[in-house]
Amino acid sequence: MDSTNSSSSSSSPSRYESQKRRDWDTFGQYLRNNKPPLSFTHFNPSHVLEFLHYLDQFGKTKIHILTCPYFGVPNPPTACPCPFRQAWGSLDALVGRLRAAYDEHGGNPETNPFGAPEVRRFLREVRDFQAKSRGISYEKKRKRPKQQQQQQQEDQQDQA
């Protein structure tokens, strides 16, 4: 496998590059084990979604179902029989690495199955459901411009 990251020929690949290679190899193994086996040139977004669903069996994040009494409770007091799944953040990072690997292996960025609308929609739905299920928020914290932060600090000092 050729690497596009060439900071030094004697240095080992970064953690990100190593993980990306492992993820690409794992996805390739998944395609080869498919019935019938698929090649990298013949898979599409539906195969990506099947792969993400397949990975759920190895998840370590408890996701409460709608009928669970702990649905929406951040720290349940006792165990429940709800399934373990892959966490949204793990899936999102995985898809990002596979998307980059696809491009690096000669795939057309405009037709990258990992960036397809149905894959993005799936990730959004997983994020939203897991947030509701676990009673947590995945909202991004927006950085305020420095000038606005300084003004707020001055206003707080004036009030004190």
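How many helices and how many strands does the protein chain have? Colour your view by secondary structure and you can tick them off: five helices and two strands. Keep in mind as you go that this is a predicted model.

**Stop 1: the whole chain**

Trace the chain from its start, and the elements come in the order α-α-β-β-α-α-α. Now colour by burial. Of the 160 residues in the protein chain, 32% are buried. If you display contacts with a separation of 6 or more, 59% of them join residues 24 or more positions apart.

**Stop 2: the nonpolar core**

Next, select Phe 27, Phe 51, Leu 52 and Phe 114. These are the residues with the most contacts inside the largest nonpolar core, which has 24 residues. Helix H1 (15-33), helix H2 (45-55), H3 and helix H4 (117-134) each contribute at least two residues to this core. Which of them gives the largest share? That is H3, with seven residues.

Stay with Phe 114 for a moment and show what surrounds it. Leaving out residues up to four places away in sequence, Phe 114 touches Trp 24, Phe 27, Phe 43, Val 48, Val 95, Leu 98, Arg 99, Tyr 102 and Val 119.

**Stop 3: helix H2**

Select H2 and show its side chains. Its buried residues are Pro 45, His 47, Val 48, Leu 49, Phe 51, Leu 52 and Leu 55. Against which helices do the buried residues of H2 pack? They pack against H1, H3 and H4.

Add H4 to the selection. The axes of H2 and H4 are 9 Å apart, and the two helices pack at an angle of about 25°. Since angles under 35 degrees count as roughly parallel, H2 is therefore roughly parallel to H4. On the H2 side, the contact is made by Pro 45, Val 48, Leu 49, Leu 52 and His 53; on the H4 side, by Glu 118, Val 119 and Phe 122. Sorted by class, the residues of this contact are six nonpolar, one polar and one charged.

**Stop 4: H3 against H4**

Keep H4 on screen and swap H2 for H3. Here the axes come within 9 Å and cross at roughly 160°. Are H3 and H4 roughly parallel or roughly antiparallel to each other? Angles over 145 degrees count as roughly antiparallel, so that is how H3 and H4 run relative to each other. The crossing of H3 past H4 is left-handed.

To see the contact itself, select Trp 88, Leu 91, Asp 92 and Val 95 in H3, which meet Val 119, Phe 122, Leu 123, Val 126, Arg 127 and Gln 130 in H4. This contact of H3 with H4 has seven nonpolar, one polar and two charged residues.

**Stop 5: Arg 97**

Move along H3 (residues 88-104) to Arg 97. Is Arg 97 buried or exposed? Its relative accessibility is 15%, and the cut-off for buried is under 20%, so Arg 97 counts as buried. Show its partners too: apart from neighbours within four places in sequence, Arg 97 is in contact with Tyr 16, Gln 19, Lys 20 and Asp 23.

**Stop 6: Gly 107**

Finish in the loop between H3 and H4, where you will find Gly 107. At 16% relative accessibility, Gly 107 counts as buried. Now draw a distance from its C-alpha atom to that of Thr 41: the separation is 8.4 Å, although these two are 66 residues apart along the chain.

Note on methods:
Residues are numbered from 1 along each chain as its sequence is written. This is a predicted model: local features need pLDDT of at least 70, side-chain atom pairs count only at pLDDT 80 or more; totals for chains, interfaces and linings use all residues. Side-chain values use heavy atoms; hydrogens and water are left out. Helices (H or I, at least four residues) and strands (E, at least two) are DSSP runs, numbered from the N terminus. Buried means under 20% relative accessible area, exposed over 50%, partly exposed in between (1.4 Å probe, protein chains only). Contact means heavy atoms within 4.5 Å. A nonpolar core is a set of buried Ala, Val, Leu, Ile, Met, Phe, Trp, Tyr and Cys residues joined through side-chain atoms within 4.5 Å. Axes are lines fitted to C-alpha atoms, for helices over the stretch in contact, and angles run from 0 to 180 degrees between N-to-C directions. Angles under 35 degrees count as roughly parallel, over 145 as roughly antiparallel, 65 to 115 as roughly perpendicular and the rest as oblique. A crossing is left-handed if the near helix is turned anticlockwise from the far one by less than a right angle, and right-handed if clockwise. Ala, Val, Leu, Ile, Met, Phe, Trp, Tyr, Cys and Pro count as nonpolar, Asp, Glu, Lys and Arg as charged, and the others, Gly among them, as polar.
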